[in-house]
Amino acid sequence: MTEAVRDYLLSVVAVALLSGVVLALTPKGAVHRTLTFLCGLAMILAALGPIARLDFDALAQSMARARIQAREAAEGVQVDNRELIADIIKEEAEAYIWDKAEGLGCTPMEVTVEVSMEGEYPYPYRATLRILCTASQEQALRRALEQELAIPAERQEWQRYEPE
């Protein structure tokens, strides 16, 4: 994990340095403005490139592992049973979604999370929601499920009802 962060930072710094050198050597004018645009585009690609290659399953496993380790540290008890761990993750993910939905002003009617048992730790894999909310509230909740629980949009099932 630290090597991936190191590689990411090195690539961003390398593009920034190369852009700085190219722009410093280019005289002012139309070519300089074009190169400024291209260097900015290169910086954006270098900064956002890893997001396109994001592995949601690996991210979800890492997040589940961190939650279990934090819980074990807080409670002082090691949890060995995978089914028990899966139940804990399922309950916590459903509670998180329910709380997040209410925090956004939605009215959840049913929230179900399916946990995958593949890999070292179980992790939230799919979410099914029956919810009363607006389209903008749904978008915000979809993003939260992707960012906080690593459940991509294609594994989110929605039955959304518009408020009257």
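Gln137 is buried in this predicted model, with a relative accessible area of 17%. That value falls under the 20% cut-off, which is why Gln137 counts as buried. The residue is found in helix 5. Once neighbours within four places in sequence are set aside, Gln137 is in contact with Leu104, Gly105 and Cys106.

Helix 5 covers residues 135–149, and its axis comes within 11 Å of the axis of helix 4, residues 82–103. The two axes cross at roughly 145°, and the crossing is right-handed. On the helix 4 side, the contact is made by Ala93, Tyr96, Ile97, Lys100 and Ala101. Helix 5 contributes Leu141, Ala144, Leu145, Glu148 and Leu149.

Each of these two helices also holds a salt bridge. Side chains of opposite charge can pair when their charged atoms come close. In helix 5, the side chains of Arg142 and Glu138 meet in a salt bridge, at 2.7 Å from N to O. Arg142 and Glu138 are four residues apart in that helix, about one turn. Both Arg142 and Glu138 are buried.

In helix 4, Lys90 forms a salt bridge with Glu94, and the closest N and O atoms are 2.5 Å apart. Lys90 and Glu94 are likewise separated by four residues, about one turn of the helix. What is the relative accessibility of each partner? For Lys90 the value is 28%, so the residue counts as partly exposed. For Glu94 the value is 19%, so this residue counts as buried. The 20% cut-off therefore lies between the values of the two partners.

A further salt bridge involves strands. The side chains of Glu157 and Arg126 meet at 3.9 Å, N to O. This pair links distant parts of the chain: Glu157 is in strand 3 (residues 156–161), Arg126 is in strand 2 (residues 123–132), and 31 residues separate them. The distance of 3.9 Å is within the 4 Å limit, so the pair counts as a salt bridge. Glu157 is partly exposed, with a relative accessible area of 40%. Arg126 is also partly exposed, with a relative accessible area of 23%.

How many salt bridges does a search of the whole structure find? The search finds six, among them the pairs Arg142 and Glu138, Lys90 and Glu94, and Glu157 and Arg126. Salt bridges that share partners join Glu114, Arg126 and Glu157 into one network.

The loop between helix 5 and strand 3 is the place of Ala150. Most residues other than glycine have a negative phi. Ala150 is not a glycine, yet its phi is positive, at about 60°. Is this residue buried or exposed? At 0% relative accessibility, Ala150 counts as buried, because the value is under 20%.

The surface offers a contrasting case in helix 2, residues 30–52, where Phe37 lies. Phe37 is exposed, with a relative accessible area of 57%. This value is over 50%, which is why Phe37 counts as exposed. Which residues make a nonpolar surface patch with Phe37? They are Leu38, Leu41 and Leu45, and the patch has an area of about 420 Å².

Note on methods. Residues are numbered from 1 along each chain as its sequence is written. This is a predicted model: local features need pLDDT of at least 70, side-chain atom pairs count only at pLDDT 80 or more; totals for chains, interfaces and linings use all residues. Side-chain values use heavy atoms; hydrogens and water are left out. Patches are made of residues with over 30% relative accessible area and no salt bridge: like charges are joined within 9 Å, nonpolar side chains (Val, Leu, Ile, Met, Phe, Trp, Tyr) within 5 Å. Accessible areas come from the Shrake-Rupley method with a 1.4 Å probe; for residues, only the protein chains shown count as cover. Buried means under 20% relative accessible area, exposed over 50%, partly exposed in between (1.4 Å probe, protein chains only). Axes are lines fitted to C-alpha atoms, for helices over the stretch in contact, and angles run from 0 to 180 degrees between N-to-C directions. A crossing is left-handed if the near helix is turned anticlockwise from the far one by less than a right angle, and right-handed if clockwise. Contact means heavy atoms within 4.5 Å.
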